[in-house]
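Colleague: I should like to learn how to read charged pairs in a protein model. Could we work through an example together?

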Amino acid sequence: MRKTTDRNRKKIAPVVVAVLVVVYLAPILLFVLLALAGAAGMEARLALPILVGYLVLGGAVIGGVVKAMMERLREIDGGEEDEASKY
């Protein structure tokens, strides 16, 4: 029973970090989306590639963090969390 408790404790950190990253980036991406929706005129056309770049990169960061979290949780479930300590 102790092993499952230790594994559950090790799962807390990756989930918390992933949630913090998403909570930090989501309002920024929402602001960029709102800026894109309200954009009009020549200045907006010049800023469009930059805003789209922010959306793509921010989405990639969120996706990468969630993917890394899922992989870490699988490692913990598989008992690989202490594999690196061998080296």
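Colleague: Which side chains meet in a salt bridge at 3.3 Å, N to O?

Modeller: The general idea is that side chains of opposite charge can pair when their charged atoms come close. In this predicted model, the pair is glutamate 75 and arginine 72, whose side chains form a salt bridge with an N to O distance of 3.3 Å. Both residues belong to helix α2 and are three residues apart, so about one helical turn separates them.

Colleague: Are glutamate 75 and arginine 72 buried or exposed?

Modeller: Neither extreme applies, because a residue is called buried under 20% relative accessible area and exposed over 50%, with partly exposed in between. Glutamate 75, at 31%, is partly exposed, and arginine 72, at 28%, is also partly exposed.

Colleague: How many salt bridges does a search of the whole structure find?

Modeller: The search finds three. Another of them joins glutamate 71 to lysine 67, with the closest N and O atoms 2.5 Å apart. These two residues are four positions apart in helix α2, so the separation is again about one helical turn. Glutamate 71 is partly exposed at 34% relative accessibility, whereas lysine 67 is exposed at 52%.

Colleague: Which residue forms a salt bridge with aspartate 77?

Modeller: The partner is lysine 11, and the closest N and O atoms are 2.7 Å apart. Lysine 11 lies in helix α1, residues 2-37, while aspartate 77 lies in helix α2, so this pair ties together parts that are 66 residues apart in sequence. Lysine 11 is partly exposed, with a relative accessible area of 23%, and aspartate 77 is partly exposed at 44%.

Colleague: What is the relative accessible area of isoleucine 76?

Modeller: The value is 0%, so isoleucine 76 is buried. This residue lies in helix α2, which spans residues 42-78. Its C-alpha atom is 7.3 Å from that of lysine 10, although the two residues are 66 apart along the chain.

Colleague: How should I place these details within the protein chain as a whole?

Modeller: One begins with the elements and then turns to contacts and surface. The chain has two helices and zero strands. Among contacts with a separation of 6 or more, 72% come from residues 24 or more positions apart. Of the 87 residues, 15% count as buried. The chain exposes about 6700 Å², and carbon and sulfur atoms supply 69% of that area.

Key. Residues are numbered from 1 along each chain as its sequence is written. This is a predicted model: local features need pLDDT of at least 70, side-chain atom pairs count only at pLDDT 80 or more; totals for chains, interfaces and linings use all residues. Side-chain values use heavy atoms; hydrogens and water are left out. Buried means under 20% relative accessible area, exposed over 50%, partly exposed in between (1.4 Å probe, protein chains only). Contact means heavy atoms within 4.5 Å. Accessible areas come from the Shrake-Rupley method with a 1.4 Å probe; for residues, only the protein chains shown count as cover. A salt bridge is a side-chain nitrogen of Lys or Arg within 4 Å of a carboxyl oxygen of Asp or Glu.
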